[in-house]
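Student: I would like a close look at a single part of this protein. Please take one helix, then show me how the rest is built around it.

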Amino acid sequence: MMDCKKALEKAGGDIEKAIDDMRASGAIKAAKKAGNVAAEGAIAIKADDKSAVLLEVNSQTDFLALQDDFKAFVAESVEQAFAEKLTDAAPLIAAREAAREALVAKVGENVNIRRLVRVEGDVVGTYLHGNKIGVAVVLKGGDVQLAKEIAMHVAASNPEFLLPSEVSAEAIEREKAVFLQLNEEKIKGKPENIVENMVKGRISKFLAEASLVEQAFVMNPEIKVGEL
C-alpha cells in the first residue's frame with residue numbers, strides 16, 4: 001500500500017503513470033536480483049494417466065520455497081506447461097517472465113524456472129516427495145497404481161540406471177578400484193582367484209544397487225522391481 005501511495009505521489013496523481021513506474025521498478029529490482037544464486041526451490045508435477053510434466057523452479061532460500069507467493073507462481077507455471085504440452089523450459093520461461101519479475105520485486109529474492117521435462121506413454125504414474133523429489137514413470141502395460149508405486153520406489157532408492165546393461169564399463173572399473181582400495185588390507189596376501197571372486201561379488205551387488213530392475217522393491221523386498 002505504501003509503495004502505491006509513493007508511486008502515485010511521484011507521478012503527480014497520474015494513476016496510469018504510477019502503474020507504469022511501479023512495473024518498471026519491479027523489472028529493475030528483478031534485474032538487480034538476477035545475479036544472485038538461486039539454488040533452492042521446488043519441484044512440481046502436473047499429470048494425467050498418459051502424460052506428465054515435471055517442473056523445477058529455483059529460489060535463493062528454502063524459506064521462500066515454502067511461501068504462498070512462490071507456490072502460486074510454481075503452480076501456475078506447471079499448469080501452463082501441461083496445458084500447452086511444452087517439452088522444453090524456454091517457451092515457459094519467456095511466457096512467465098513478467099510474473100517472475102513481479103514475484104522477485106515482491107519477495108526480494110531471485111527466482112528462476114530451471115528445467116522442464118514432459119513424458120508420455122501408455123501408462124504414466126507420478127510421485128512427489130515434499131517439494132524436492134519428483135518422479136514420473138512410464139509403463140507399457142500395468143496400471144497407474146503400479147506406475148505410481150514404482151515412482152515411489154525410485155524416489156526412495158534413487159537408481160542410477162534402468163538396466164544392468166546400461167552401466168558403463170567406466171562406472172564398473174571405478175567401482176572395482178574403490179573396492180580394492182577400501183579393502184586393501186583385507187585382500188593382502190590372498191590368492192588371485194579369491195580376490196577376483198570378491199571383486200565379482202562386489203560388482204554384482206553394485207549392479208543390483210544401481211539398476212532399477214534389479215533393486216528389491218521397497219514395498220515388497222522379496223521381489224525385484226523388474227519382476228513386477
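Tutor: What follows starts with one helix and then moves out to the sheet, the hairpin and the loops.

This is a predicted model. Take helix α10, residues 192–210. The helix has 19 residues. From first C-alpha to last, α10 reaches 27 Å, close to the 27 Å expected at 1.5 Å a residue.

Now look at burial. Val 195, Val 199, Arg 202, Ile 203, Phe 206 and Ala 210 are the buried residues of α10. Seen down the helix axis, they fall within an arc of 100°, so they line one face of α10. The general rule behind such a pattern is short: an α-helix has 3.6 residues a turn, so residues three or four places apart point the same way. What do the buried residues of α10 pack against? Their partners are α8 (169–182) and α9 (184–187).

Compare that with helix α6, residues 97–107. Here Arg 100, Leu 103 and Val 104 are buried. These residues cover an arc of only 100° around the axis, which puts them on the same side of α6. Ala 98 and Lys 106 are exposed, and they sit on the face turned away from the buried side. Just after α6 comes Gly 108, with a positive phi of about 75°.

Next, the sheet. Three strands form an open sheet in the order β1-β2-β3, with antiparallel pairing. Its edge strands are β1 (40–47) and β3 (111–120), each pairing on one side only. On average, neighbouring strands of this sheet are turned by 15° against each other, direction ignored. Strand β2 covers residues 51–59 and pairs with β3 over 9 bridges, in the antiparallel sense. To set the register, use Val 53: its bridge partner in β3 is Arg 118. Helix α4, residues 68–83, lies across β1, β2 and β3. The angle between α4 and β2 is about 145°.

A second pairing involves β4 (residues 123–129) and β5 (residues 133–139). These two strands are antiparallel and share 7 bridges. Tyr 127 stands opposite Val 135 in β5. The two strands make a hairpin with 3 residues between them. In the turn, Gly 130 has a positive phi of about 60°.

Two loop residues deserve a check of their backbone angles. Lys 85 is not a glycine, yet its phi is positive, about 55°. Lys 85 is in the loop between α4 and α5 (89–95). Its relative accessibility is 58%, so Lys 85 counts as exposed. Asn 158 is not a glycine either, and has a positive phi of about 50°. Asn 158 lies in the loop between α7 (144–157) and α8. With a relative accessible area of 59%, Asn 158 is exposed.

Finally, the whole chain. The protein has 10 helices and 7 strands. Of its 228 residues, 32% are buried. Take the contacts between residues at least 6 apart in sequence: 56% of them join residues at least 24 apart. The accessible surface comes to about 13800 Å². Carbon and sulfur atoms account for 54% of that surface.

Back to the starting point: α10 lines one face with its buried residues, and those residues pack against α8 and α9.

Key. Residues are numbered from 1 along each chain as its sequence is written. This is a predicted model: local features need pLDDT of at least 70, side-chain atom pairs count only at pLDDT 80 or more; totals for chains, interfaces and linings use all residues. Side-chain values use heavy atoms; hydrogens and water are left out. Buried means under 20% relative accessible area, exposed over 50%, partly exposed in between (1.4 Å probe, protein chains only). Helices (H or I, at least four residues) and strands (E, at least two) are DSSP runs, numbered from the N terminus. The arc is that of the directions from the helix axis to the C-beta atoms. Two strands pair if DSSP finds at least two bridges between them. The expected span of a helix is 1.5 Å times one less than its number of residues. Contact means heavy atoms within 4.5 Å. Accessible areas come from the Shrake-Rupley method with a 1.4 Å probe; for residues, only the protein chains shown count as cover. Axes are lines fitted to C-alpha atoms, for helices over the stretch in contact, and angles run from 0 to 180 degrees between N-to-C directions.
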